[in-house]
Amino acid sequence: MIKRRFVATLLLAVPLSFPVLAYAADGGAKTNDDDPSINALGTGVNQILKVLQVHPDSASDSCINALKEMHAAQDQLSKEEGHENNQDVEVARDVTASSMEDVTTICGTDARTLCRESAGQNPALAAACHALPHEDD
């Protein structure tokens, strides 16, 4: 349980420690890709992470696993983008987008649950909840 809390805190806190950075290396979702759809997905993921950062224990094991998979996909995309004339970059973008969609769905559910249960008790959480992407976005 302690290890899960540590991992949850690390995965959720690190992305928001460096809000100026827009690259996956900061722990958040990538928002500086050549593909605008990756950037849009990344922005939504980062909004969800802002909510979950308030109470990291609200992140389910499924959310934590989805975040790990997203980070692995982003790392692979960065590697593929670093090679000239790489034909695998589009596949890496598709995998990254899919993993970001998974995080949006899975972690978004956790974030919305937290918002329903606790937003009225914490002004910072209420503001983060208000910025969440709509479920149909």
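Q: Is Glu81 buried, exposed or partly exposed?
A: In this predicted model, Glu81 is partly exposed, because its relative accessible area is 29%, and a residue counts as buried only under 20% and as exposed only over 50%.

Q: Which residue does Lys30 form a salt bridge with?
A: Lys30 pairs with Glu81, and the closest N and O atoms of the two are 2.8 Å apart. This pair links distant parts of the chain, since Lys30 sits in the loop between helix 1 and helix 2 while Glu81 belongs to helix 3, with their positions 51 residues apart in sequence.

Q: And Lys30, buried or exposed?
A: Lys30 is buried, because its relative accessible area is 3%, whereas its partner Glu81 is partly exposed.

Q: What can make two side chains pair up like that?
A: Side chains that carry opposite charge can pair when their charged atoms come close.

Q: Which other side chain meets Glu81 in a salt bridge?
A: The side chain of Arg93 also meets that of Glu81 in a salt bridge, at 3.0 Å from N to O. Glu81 lies in helix 3 and Arg93 in helix 4, so this pair ties together parts of the chain that are 12 residues apart in sequence.

Q: Which residues get joined into one network by salt bridges that share partners?
A: The network is made of Lys30, Asp33, Asp34, Glu81, Glu90 and Arg93. For the chain, the count of salt bridges comes to 6.

Q: Where do Arg93 and Asp34 sit in the chain?
A: Arg93 is in helix 4 and Asp34 is in the loop between helix 1 and helix 2, so that they are 59 residues apart and link distant parts of the chain. Their side chains meet in a salt bridge, at 3.8 Å from N to O. Arg93 is buried, with a relative accessible area of 9%, while Asp34 is exposed, with a relative accessible area of 68%.

Q: Changing topic, which residues does Asn39 touch?
A: Leaving out residues up to four places away in sequence, Asn39 touches Lys30, Thr31, Asn32 and Asp33. Lys30 and Asp33, which are on that list, also belong to the salt-bridge network.

Q: How far is the backbone nitrogen of Asn32 from a polar atom of the Asn39 side chain?
A: The backbone nitrogen of Asn32 lies 3.2 Å from a polar atom of the Asn39 side chain.

Q: Why does Asn39 count as buried?
A: Asn39 counts as buried because its relative accessible area is 18%, and the cut-off is under 20%.

Q: Which helix is Asn39 in, and how many residues does it have?
A: Asn39 is found in helix 2, which runs over residues 36–54. Helix 2 has 19 residues and reaches 28 Å from its first C-alpha to its last, which is close to the 27 Å expected at 1.5 Å a residue.

Q: Which other residues of helix 2 are buried?
A: Besides Asn39, the buried residues of helix 2 include Ile38, Leu41, Gly42, Val45, Ile48, Leu49 and Leu52. In general, an α-helix has 3.6 residues a turn, so residues three or four places apart point the same way.

Q: Now the cysteines: how many disulfides are there?
A: The count comes to 2 disulfides. One is formed by Cys63 and Cys107, whose sulfur atoms are 2.0 Å apart, and the other by Cys115 and Cys129, whose sulfur atoms are 1.9 Å apart.

Q: Is the Cys63 and Cys107 disulfide right-handed or left-handed?
A: The torsion about the S-S bond of Cys63 and Cys107 is about 110°, so this disulfide is right-handed, whereas the link of Cys115 and Cys129 is left-handed, with -95° about its S-S bond.

Q: Are those four cysteines buried or exposed?
A: Cys63 is buried, with a relative accessible area of 0%, and Cys107 counts as buried at 0% as well, while Cys115 and Cys129 are also buried.

Q: Last one: what does the secondary structure of the chain come to?
A: The chain has 5 helices and 0 strands. Buried residues make up 43% of its 137 residues, and of the contacts with a separation of 6 or more, 64% are between residues 24 or more positions apart. The chain exposes about 7700 Å², of which carbon and sulfur atoms supply 54%.

Terms used: Residues are numbered from 1 along each chain as its sequence is written. This is a predicted model: local features need pLDDT of at least 70, side-chain atom pairs count only at pLDDT 80 or more; totals for chains, interfaces and linings use all residues. Side-chain values use heavy atoms; hydrogens and water are left out. Helices (H or I, at least four residues) and strands (E, at least two) are DSSP runs, numbered from the N terminus. Buried means under 20% relative accessible area, exposed over 50%, partly exposed in between (1.4 Å probe, protein chains only). A polar contact is a pair of N or O atoms within 3.5 Å; within protein, one must be able to donate a hydrogen and the other to accept it, and residues adjacent in sequence count only if both atoms are side-chain atoms. Contact means heavy atoms within 4.5 Å. A disulfide is a pair of cysteine sulfur atoms within 2.5 Å. The expected span of a helix is 1.5 Å times one less than its number of residues. Accessible areas come from the Shrake-Rupley method with a 1.4 Å probe; for residues, only the protein chains shown count as cover. A salt bridge is a side-chain nitrogen of Lys or Arg within 4 Å of a carboxyl oxygen of Asp or Glu.
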